Amino acid sequence: MNETVKTILKRRSCRQFNKEIISDEDLLTIIRCGIHAPTALNKQNLFFIGIKNQEVINKYKDYLKDDIYYGAKAIILCFERFEYDFTSLNLGAAIENMLIASESLGYQSCWIHGSVKFDTEEGRKFLKELLSLDKEYRVLDSIAIGKSDNKVLKPLARNTKNDKII
């Protein structure tokens, strides 16, 4: 079996990270994989910010009033440059690329939807200041990335009831 297929089939969401730090090079590689995901009509309406600085991560989590990132040492925030009808499709492709890239580089990850709490005027202003953005952008989703505390993440059974080839 090819290595890409093996990586896709073994990837699992991780909800317990250890304290190992992800390298800048690996985090940038993961983000590049998100950037290279297909976008409808090649509009490229998304951008990504990787955060490793623990002070910034803590301020972000404090605003959320929750550690929805399970102690991950890196977070990638996914932003929308401009509204577009196919943003959710573009986002799904980009995040999946980054989740697979994380696994292939030896990290674990979890797709986190809690960033929607920032989809308010106050939330966008907070992120603009926290991340030194040039203007207020809408954050869509995020990814927690790090090394797992568990050596083996066991797969759950997949529902293949209606899958077939005709």
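This is a short dialogue on reading the fold and the cores of a predicted model.

Trainee: When I meet a new chain, how many helices and strands should I look for here, and which pattern do they follow along the sequence?

Mentor: A reading may begin with the elements and their order. This chain has five helices and four strands, and from start to end they run α-α-β-α-β-α-β-α-β. The radius of gyration is 16 Å, close to the 15 Å that the globule rule gives for 166 residues, so the chain is as compact as a globular protein of that length. Along its principal axes, the C-alpha trace spans about 50 × 40 × 30 Å.

Trainee: Which residues of the largest nonpolar core touch the most other members?

Mentor: A nonpolar core is built from buried residues joined through side-chain atoms within 4.5 Å. The largest one here has 25 residues, of which Y60, Y69, L77, F79, L127 and L131 touch the most other members. Elements giving two or more residues to this core include strand 1 (46-51), strand 2 (74-80) and helix 5 (121-130), while helix 3 gives the most, with four residues.

Trainee: What does Y60 touch, leaving out residues up to four places away in sequence?

Mentor: On that count, Y60 touches Y69, L77, S115, F118, F126, L127 and L130. There is also a second, separate core of 20 residues, with L46, A94, M98 and L99 among them.

Trainee: What percentage of the residues of the chain count as buried?

Mentor: Of the 166 residues, 42% count as buried. As for the surface, the chain exposes about 10100 Å², and carbon and sulfur atoms supply 50% of that area.

Notes:
Residues numbered from 1 in each chain as written. Predicted model: local features only at pLDDT ≥ 70, side-chain atom pairs only at ≥ 80, totals over all residues. Heavy atoms only, no water. Buried < 20%, exposed > 50% of the residue type's maximum accessible area, 1.4 Å probe, protein only. Contact = heavy atoms within 4.5 Å. Rg over C-alpha atoms; globule rule 2.2 N^0.38 Å. Areas by Shrake-Rupley, 256 points an atom, 1.4 Å probe, with all protein chains shown as cover.
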